[in-house]
Amino acid sequence: MLIYPLESLCYIHLNGDTITALLSFPISYSEAVWENMARMCVKTQRLDVAKICLGNMGHARGAKALREAEQEPEQEARVAVLAIQLGMLEDAERLYKACKRYDLLNKFYQASNQWQKAIETAEAHDRVHLRTTYYNYAKHLEATGEQSLALTHYEKSDTHRFEVPRMLSEDLQALENYVNKMKDKSLWKWWAQYLESQSDMESALKYYALAQDYFSLVRVHCFQGNIQKAAEIANETGNWAASYHLARQYESQDDIKQAVHFYTRAQAFNNAIRLCKDNNLDDQLMNLALLSSPEDMIEAACYYEEKGEQMDRAVMLYHKAGHFSKALELAFATQQFGALQLIAEDLDDKSDPALLARCSDFFIEHAQYEKAMELLLTAKKYHEALQLCLKQNLTITEEMAEKMTVCKDSKDLSEEAQRELLEQIADCCMRQGNYYLATKKYTQAGNKLKAMRALLKSGDTKKIVFFAGVSREREIYIMAANYLQSLDWRKDPEIMKNIISFYTKGRALDLLAGFYDACAQVEIDEYQNYEKAQGALTEAYKCLSKAKTRSPLEEESKLAHLQSKMTLIKRFIHARRVYSEDPKEAVRQCELLLAEQDFDNAIRPGDVLGFLVEHYVQVQEFQMAYRYLEEMQKRIPPMNLSYYVTPQTIEAVHRGVGIPISRTLVPEQMCHSSMENKEVEEEVADEVEDP
C-alpha cells in the first residue's frame, strides 16, 4: 500500500482509483486539505467526491446547496453551485455560460451584486426574467437611496403603479408630480381615492374624471347632493355600476320612474320589475320582463295571472320563459288561438307527449291539419300522423317523411313495425305520385322490388340504371332491362349495352335472346343490314341454347325457328355477295328463296323482289322485271314500293314493256315534283314568246 505525505495530497491528480485509495485511509486530514480537494473536484467535475469533502469540512450549507442542485439536468450547472459555495466565482460564471443556463447566471449576477451584467444577460438571453430583474434592481436601488433610478426600473418592471406610490408616500408633492407626469388611469384613480380620503372632493372629482371612473364620479356627486349631475354622467356613459348606484339613490328618494329607468340601464331587471309590481306599472313591467331572465319572466307572468287582467301577457311570458305547459293551459282556458299557434311552433320532442297530442287535437278541430300533423310527428305518433295525411289528403313532403322514419336503434317501435310503417309511407307517396320518395322509403323498408316498381313509374332512366346496378338482384335486373327495352334503344348504344348487361346479370337468357332477335329485325327493317342481323341472330341462338326453359319442346321449336331464319338470311347475304361475280347464280338463289315456305318470317319480300327487278332492268329484260314488279305490288302496299325500288326504276320498267305507269305506283311527292317542273317549263316558254 502506498502512503502519501499529507503535505502533497493537495497536488495529487484525482482520478478514479487514486482518490478511492486516499479516501480509504483512516487519517484525519485538516480542513484546508479537504477544501483543496473540493476545489480539485470543481476542475474534474467529481461531485461524488465533493460531497465527501464538504462533509469532512463541516460545510453544511454547501452540502445542502449541492444536494438541491442535483435536480438540474446539466452537469456544469451542478458543478457551478459547488464553485459558488467554495468562492470560485469565475469558475461558476464560466460553467453557467458553458451549459447556457442564463437564468442561473442571471441569479448569480444578482446575488453577487453584479447588476449591470444581470440586466445585460436578461436582455440578451433571459427575457422571461427581464421584468423580475428590473424589479429586483429597483428594490436594490431603493434600499441604497437612489430613488430616481429605482423609479425608472420600477417602470421598466411595470410595477410602478403600486411601488412608486409606496416609495413616494412620504413626499406627497413628488408623488403628485409623478402622477400628473405619467398620465396613467390607474395612478389617477389611486390619487383620486387618496384625495377623497383626505376630503378634497373637488380634486378627487377631477382625477376620477381623468381616470374615467364613472362609478366613483356618480358616487361622489350623489354624496355631495348633486344628483342631477350624477344622472347626466350615468346617461352619457351608460356605465352599469354608476346607473345601479344612481337607481338606488332615486329609490331612496321615492322617485320610482327614475329608479326604474336607471335599474334598466344597469340591467338590474329584477329590481326594476320589483318596483313596477309594487307601483302597478304594468306596461313597463311587460317590457322589462321580456328583457330579463326566465325566472323574472315567470314572476311577472304570475303577477298578471293573479291580477286576472291582460292574460295574453301572462301567456306570452310563460311561453318566453319556456314554461310551455303553463302557457298552453292558460291559452286553452282563455281561448287565445293566436298564442296557441305561436307556442306550438316551439314545441319539440322533449315536450310532454300529452301536451303535444292536446295541441294537435286543437288544430284538427280548427282544420289546421298541417300544424296538427307536425305536432303528431313531434309526439312520435307516426301512425296517427299517417292516417291524418291519408284522411285529409295531405301531401307528404320529404321533411315529413323523414320525421316519420324511425331510426333503427329506436326503442319506440320494433323492427317489424318500423318496416310496416315505412311501407305505409311509401304506399301513400305512390298514391300521391311522389315516386322518388316512395322508392327511398321502400328501400329503407328493405323491399327493393317495390322500390324498383316505384322508380320505373318515375321514368328516370339514370336512376333506374343506377338502382339496378347497386341492388344486384335478379328480378330487379330483369325489370330494369324490360323498362329499357321500352325506350328508343336503337338510337342510344348505352341503353342497348345496359339491356344486354342486365339480362345477362339477371340470368334471363331467353329474354336476352328475344332482345337480340328484336335487334336483328331492326337492322333489317330500318337499315336493310342483313349482315348485322345475322350476327344478332347468332347471339340470340347462343343465348337460347343456354337458357333453361320450362318446356323443352318449346325451346326446340324456338331454336329451330331461329336456325331456319339464320339459314335463309345467310343464303340472301351470299346471293348479294356473289352477284358481282356470278349474277345468274345470285338471281337463281333469290328465286329459290322466294319459293321457301318461311321466307316472309326471315327476309322482307321487298328486298329480294327489289333485288331481282333492279337486276332485270340492268340486263334490259323488262318483261321479267315487270313480272317481279307486279308480284311486289301484290305483297307490298304501293306507298312502300319506293323503300325497295327507285321511282326511276319503276318508270324504266313500264317504258320497257310499253305500259303506261299507274299513279299508284309513283310516290305522290314525285308526281308533285313532275307537275311543278312542267309548270316552270311552261312559264319560261311563255316569257320567251312574249318580248
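**Note on a helical model: cavity, pocket and three local sites**

1. The largest cavity encloses about 40 Å³ of space. It belongs to a predicted model, and the structure holds one cavity of 30 Å³ or more. Which residues line the largest cavity? They are H561, S564, K565, L568, D598, N601 and A602.

2. Next, where that lining comes from. Two helices, α37 (552-578) and α39 (599-602), each give at least two residues to the lining of the largest cavity. The largest share is that of α37, with four residues. By class, the lining of the largest cavity has three polar, two nonpolar and two charged residues.

3. Now the chain as a whole. How many helices and how many strands does the protein chain have? The count is 43 helices and zero strands. The protein chain has 691 residues, and 42% of them count as buried. Take the contacts in the chain with a separation of 6 or more: 42% of these join residues 24 or more positions apart.

4. The largest pocket holds about 350 Å³ of space. Its lining is made up of 15 residues. Which of them lie nearest the centre of the pocket? These are A65, V81, I84, Q85 and Y96.

5. Four helices give two or more residues each to the lining of the largest pocket: α4 (60-68), α5 (75-85), α6 (89-98) and α7 (102-111). The largest share comes from α7, which supplies four residues. By class, nine residues of this lining are nonpolar, three are polar and three are charged.

6. Helix α41 is worth a careful look. It runs over residues 622-635, 14 residues in total. From first C-alpha to last, α41 reaches 20 Å. That is close to the 20 Å expected at 1.5 Å a residue.

7. Which residues of α41 are buried? They are A625, Y626, Y628, L629 and M632. Why do these residues share one side of α41? They cover an arc of only 170° around the axis, so they fall on the same side of the helix. Q623 and K634 are on the other side of α41, and they are exposed.

8. What do the buried residues of α41 pack against? Their partners are α38 (583-594), α40 (605-618) and α42 (647-657).

9. H160 sits in helix α11, which spans residues 160-167. Is H160 buried or exposed? It is buried, because its relative accessible area is 5%, and the cut-off for buried is under 20%.

10. Which residues does H160 touch, leaving out those up to four places away in sequence? The list is Y154, E155, P165, Y178, M182, D184 and L187.

11. L386 is part of helix α27 (residues 382-391). Why does L386 count as buried? Its relative accessibility is 1%, and buried means under 20%. L386 and L421 are 35 residues apart in sequence. In space, their C-alpha atoms are 8.9 Å apart.

12. To go through the model on screen, take the cavity lined by H561 and others, then the pocket with A65 and Y96 among the residues nearest its centre. Then turn to α41, with Y626 and Y628 among its buried residues. End with H160 in α11 and L386 in α27.

Technical notes
Residues are numbered from 1 along each chain as its sequence is written. This is a predicted model: local features need pLDDT of at least 70, side-chain atom pairs count only at pLDDT 80 or more; totals for chains, interfaces and linings use all residues. Side-chain values use heavy atoms; hydrogens and water are left out. The expected span of a helix is 1.5 Å times one less than its number of residues. Buried means under 20% relative accessible area, exposed over 50%, partly exposed in between (1.4 Å probe, protein chains only). The arc is that of the directions from the helix axis to the C-beta atoms. Contact means heavy atoms within 4.5 Å. On a 1 Å grid over the protein atoms alone, a cavity is a set of points where a 1.4 Å probe fits but cannot get out, and a pocket is an open set with protein on both sides within 12 Å along at least five of seven lines; lining residues have an atom within 4 Å of a point. Grid points are joined across faces, edges and corners, and a volume is the space filled by probe spheres set on the points. Ala, Val, Leu, Ile, Met, Phe, Trp, Tyr, Cys and Pro count as nonpolar, Asp, Glu, Lys and Arg as charged, and the others, Gly among them, as polar.
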